[in-house]
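Visitor: Please take a close look at one part of this structure, the salt bridges. I would like them set in their surroundings.

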Amino acid sequence: MTAGNIVNMPKESYDVRGIIAKELPVLNSIYNGIIAVDHKGRVVVYNKGCEGIFKVPAEKALGSYIKDVIPYTGLLKVLKTGKSHIGRKFVQGNSLYVVNRTPIIKDNVLIGAVGVTQDITELQTVVNELDSAKEMKNTLETILDTAHDGYLVINKDGYIMTLNGAFAELLEIRPEDAIGKHVKEVVAETELHLVPHTGKAQIGEVLRLKGREAVVMRYPVKKEGRIIGAVSKVMFKDVKQFISSAKKIYSMQSQIIANPENIDGVRYTVDSLIGDSLPMRRLKSTIRRIAAGPSTILIRGESGTGKELVAHAIHINSNRSLGPFVKVNCAAVPENLLESELFGYVEGAFTGAKKGGQIGKFERANGGTIFLDEIGDMPLVMQAKLLRVLQEKEIERLGDSRPRRVDVRVVAATNRPLEELIKENNFREDLYYRLNVVTLNLPPLRERIEDIRDLTQHFLAKYKFEFGLNITGLSSEAWNIFESYNWPGNVRELENVIERAFNMVDGQIIDVVHLPPYLQKFGKTKRRSLHKNLPSLLEQVERDAIIEALSATDGNKMQAAKILGISRAWLYKKIAQYNIKA
């Protein structure tokens, strides 16, 4: 019966409640909400389910106009049009409901309307979970299909569930032509169908695919402890690939055995940089950002600030991390040997040259990183040759005229004022600009005093292990000295002080008496001279420390610099600054 055949003016004699009354006991036992109105829109049926949904008791709802009970109901529209509303959703409180509204017709007369409401909150949650699972499945299928490696998935009975494009390409078929078939129909020589029964993975198996021998791995797929299928992954599309990779690995291992310094020397990462001060956070962030690039890096900072440690971190975070890391101290190698050290030499290049010649540090670092420490002390002649290497990417061995290509990233470091050296004609300006592509300025310890405690705890833990002593910390006076002192030797000086204290301590606490004499004197001077300004106080302590170190070493500047934790060049500078008679 269509809405057009329904008589719009219902007969008064029709009693909607009476028609439905015999069903009321049943309606009240139903969880769904059921509400009915007569032709005037008055509520005539209102079961217990409605009370739970609309929070209006039945005695108040019955007989009331429907809009006074449910302001936004669609039942009045059903009364007016005679058309049903099926599957309409609405939200009440924190729940989602779906309602079906239909007209009540008797003898072709529209005498009312009824609505049946169902809570679908849990159902919607299930739907959302299914949608999420479907989306995840589609995502995983997309990932597998775009992956370079070939994947083939079967169920426990051996039938293909998934086959990605890379595997299908090896088989010279379309994925859709294989899915649903038994794996033996598609790959005759495979043993993948046996894996769900044995439960054992097969690694590095050779599988013949269309005249090509691929290397695959097969492993079972488990769910809640049950094996539900198996996966085959192509590790190498051709055995030749596998052999080539094995040769490369063997070659790398041979290089490491022949030149252990190439790999053993790399010990530090960004996480090895101790401290959470703002300068250190910025430094770590910068290292991570620039390490991935190809540019030459110049590390600048005072002696003892950790320039070599930063060079290691740059190498480890770069795409050259699997290549060699070779260090050269430009100040430690005699000038007449530096060229052969860096670039190598051929047989007969000079008297005493090794038979067969020798490769230099740049060739050893090929494919990796070379760290040129104390670059400011490099002789001018070598600076010109280094500039050529940076510009041309090639070297010439001593005694040889044949250029050799090298793929090396250069990381240089210095504590010298290069700009002043340029003015004094002791450093090439063109080399300076070639090295100064990316510069890292390491903060001295006095500019990150808030890191003193973290660094001290780090070194305490290190030497507790090495000495086998249970040192728990520092006395308050010792801490006061540590956090007030200028630390001209920076982190290296701090570590030396702590190591010395471990040799002197006789309890569990490092006290002032266990510190070097110059720090003990600093502590006394600090207490006596609180009225003095900090710069003059620090200068006095530095001067006294240098005098004591020179006295203890009978004037040996190299040993004095080592005691103080500073470079010999820095010691000479301080001797001149304080007019110390050495």
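Guide: The salt bridges come first, then a loop histidine, a sheet and the whole chain. This is a predicted model: local features need pLDDT of at least 70, side-chain atom pairs count only at pLDDT 80 or more, and totals for chains, interfaces and linings use all residues. Residues are numbered from 1 along each chain as its sequence is written, and side-chain values use heavy atoms, with hydrogens and water left out.

The structure holds 25 salt bridges. The term means a side-chain nitrogen of Lys or Arg within 4 Å of a carboxyl oxygen of Asp or Glu. Burial is graded by relative accessible area: buried is under 20%, exposed is over 50%, and partly exposed is in between (1.4 Å probe, protein chains only).

Take Lys462 and Glu495. Their side chains meet in a salt bridge at 2.6 Å, N to O. This pair links distant parts of the chain, 33 residues apart: Lys462 sits in helix α21 (residues 452-467) and Glu495 in helix α23 (residues 490-504). Helices are DSSP runs of H or I with at least four residues, strands are runs of E with at least two, and both are numbered from the N terminus. Lys462 is partly exposed at 32%. Glu495 is buried at 18%. Shared partners also join salt bridges into one network of Arg388, Glu394, Glu396 and Arg405.

Asp38 and Arg42 form another salt bridge, 2.9 Å from N to O. Asp38 is buried, at 9%, and Arg42 is partly exposed, at 36%. In the bridge between Arg174 and Asp177, the closest N and O atoms are 3.1 Å apart. Arg174 is partly exposed at 48%. Asp177 is partly exposed at 35%.

Asp177 belongs to the numbered range of α9 (175-178), and the loop between α9 and α10 (183-186) holds His182. His182 counts as buried because its relative accessibility is 18%. Leaving aside residues up to four places away in sequence, His182 touches Asp157, Gly158, Tyr159 and His193. Contact here means heavy atoms within 4.5 Å.

Now the sheet. Five strands form an open, antiparallel sheet in the order β2-β1-β5-β4-β3. Strands pair if DSSP finds at least two bridges between them. The edge strands, β2 (43-46) and β3 (85-92), each pair on one side only. β3 pairs with β4 (residues 95-106) over six bridges. Val91 has Leu96 in β4 as its bridge partner.

Overall, the protein chain has 27 helices and 21 strands. Of its 582 residues, 44% are buried.
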